[in-house]
Amino acid sequence: MKQFISGLLSLAMLLSLLAGCGKNDGASPPAQQLPKGQSQAPVSDPDPAPLPVDTVILKEDDDQMLNTYTLLAVNPNAPFTDADGSPVSGVAVNAAGAEALIDWFLSEEGMTLAASYGQDTYGDCLFYPLDGAPAYSGEIAPADEPSRTIRLSTTTSVNDSGLLNHLLPVFEERYGYTLEVQSAGTGKAIAAAKYGNADLILVHAKSQEEAFVEEGFSYVLPGFESERLSFLYNYFVLCGPSDDPAGVRDSASVLDAFAAIAGGKYPFISRGDGSGTHTKELSLWPEELGITAEAESFADYTDWYASANAGMGACLVMAEESRGYILTDKATFLTFQARCAQHYNSSKSVTVIIKRTDPCLKA
């Protein structure tokens with residue numbers, strides 16, 4: 001098992017080289033983009049029928065799996081640092097642009113568009129308006145030259161699900177702004193803002209958001225009562241092989257499901273990257289296991305627990321190939337499943353998938 005997990009971790013590193021492939025520029029899954037000279041189907045079967053992945057949702061809609069998304073404006077006077085922790089001066093934050101985008105996200109138009117995303121393409125809404133979410137009903141400031149370019153640092157689950165491709169073109173066309181979006185795990189998305197490389201963040205890890213506020217990196221926008229503006233939610237989902245050897249599907253709660261996975265030493269793929277998904281996963285293991293973000297905490301569990309330090313797409317592929325369990329957000333999983341159902345062929349070997357640069361591998 002250790003050898004196999006090591007191989008999968010090497011795969012995750014290789015997958016990161018494919019980060020530019022398979023971008024979705026709209027709500028519908030994209031057509032396959034192949035390097036010049038490569039055949040879409042394996043040589044042995046020029047026209048295979050596509051097969052869906054075997055990984056399926058086994059546990060969802062548990063209160064412990066609520067996944068809340070939050071907007072925070074970056075404080076222009078924040079104590080910015082570089083990656084080594086040394087102070088950085090001269091950081092220019094587009095506060096006016098960030099305020100306009102946050103106001104629009106929280107407007108009736110923005111919330112309605114967000115709530116409608118996914119139904120036509122995936123048969124399910126991928127995000128839902130949070131009850132009691134802050135709302136904005138005033139005018140949205142149009143762009144001027146100093147405020148035209150807005151830097152948004154966000155998490156992969158928001159960007160790779162296609163939500164931003166659904167929302168941002170409307171905002172840009174209507175108000176004249178240009179968005180520069182960078183996405184990573186929540187920890188890295190927040191770090192980018194601390195380095196002065198973002199005007200606002202859209203993330204989903206409450207403890208990390210609160211630390212961001214306490215350290216002086218955010219501020220209260222006019223018309224709102226808090227730095228943290230939580231406005232959308234969906235659910236994390238616990239996925240695994242369809243035959244579910246750990247019995248996750250029949251567990252009374254997600255906590256029982258995680259205990260069953262650990263008790264039976266069934267393969268589990270962890271993001272291991274400080275993302276919001278990783279943070280949530282760590283909170284679901286039985287306390288007596290002592291699993292934290294520190295490698296030594298799971299050193300005795302490496303025969304079944306793989307810490308990938310990779311993006312969600314790479315981790316989902318690892319779970320599929322190892323017949324392992326994995327925690328992901330529902331929006332990302334449904335997007336992954338739909339893309340892979342289109343593009344997988346009868347040979348599901350990792351070698352074939354990598355050669356074809358399948359869009360479902362995007363980290």
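Q: Among contacts in the chain between residues at least 6 apart in sequence, what share joins residues at least 24 apart?
A: The share is 78%, where a contact means heavy atoms within 4.5 Å. The structure is a predicted model, in which local features need pLDDT of at least 70, side-chain atom pairs count only at pLDDT 80 or more, and totals for chains, interfaces and linings use all residues. Residues are numbered from 1 along each chain as its sequence is written, and side-chain values use heavy atoms, with hydrogens and water left out.

Q: How many helices and strands does the chain have, and what makes a run count as one?
A: The chain has 13 helices and 10 strands. These are DSSP runs numbered from the N terminus, with H or I over at least four residues for a helix and E over at least two for a strand.

Q: Why is H2 called oblique to H6?
A: The axes of helix H2 (residues 95–105) and helix H6 (residues 163–175) come within 11 Å and cross at roughly 120 degrees. Such axes are lines fitted to C-alpha atoms, for helices over the stretch in contact, and the angle between N-to-C directions runs from 0 to 180 degrees. Angles under 35 degrees count as roughly parallel, over 145 as roughly antiparallel, 65 to 115 as roughly perpendicular and the rest as oblique, and H2 is therefore oblique to H6.

Q: Which residues of H2 and H6 meet, and what classes do they belong to?
A: Ala100, Leu101, Trp104 and Phe105 of H2 meet Leu164, Leu167, Leu168, Val170, Phe171 and Tyr175 of H6. This contact has 10 nonpolar, no polar and no charged residues, where Ala, Val, Leu, Ile, Met, Phe, Trp, Tyr, Cys and Pro count as nonpolar, Asp, Glu, Lys and Arg as charged, and the others, Gly among them, as polar.

Q: What makes the relation of H3 to H6 roughly parallel or roughly antiparallel?
A: The axes of helix H3 (residues 108–116) and H6 come within 9 Å and cross at roughly 155 degrees. That angle makes H3 roughly antiparallel to H6. The contact joins Glu109, Gly110, Leu113, Ala114 and Ser116 of H3 to Leu163, His166, Leu167, Val170 and Arg174 of H6, and these residues divide into five nonpolar, three polar and two charged.

Q: Why is Cys239 called buried, and what does a search for disulfides find?
A: Cys239 has a relative accessible area of 0% and is therefore buried, since buried means under 20%, exposed over 50% and partly exposed in between (1.4 Å probe, protein chains only). Cys125, at 18%, is buried as well. Zero disulfides are found in the whole structure, a disulfide being a pair of cysteine sulfur atoms within 2.5 Å.

Q: Is Gly132 buried or exposed, and where does it lie?
A: Gly132 has a relative accessible area of 78%, so it is exposed. Gly132 belongs to the loop between strand S3 (128–129) and strand S4 (149–155). Its C-alpha atom is 8.2 Å from that of Phe231, although the two residues are 99 apart along the chain.

Q: What makes the phi of Arg323 and of Asn309 worth pointing out?
A: Most residues other than glycine have a negative phi. Arg323, which is not a glycine, has a positive phi of about 55 degrees, and Asn309, also not a glycine, has one of about 50 degrees. Asn309 is found in the loop between strand S9 (305–307) and helix H11 (312–322), while Arg323 is in the loop between H11 and strand S10 (325–329). With a relative accessibility of 40%, Arg323 counts as partly exposed.
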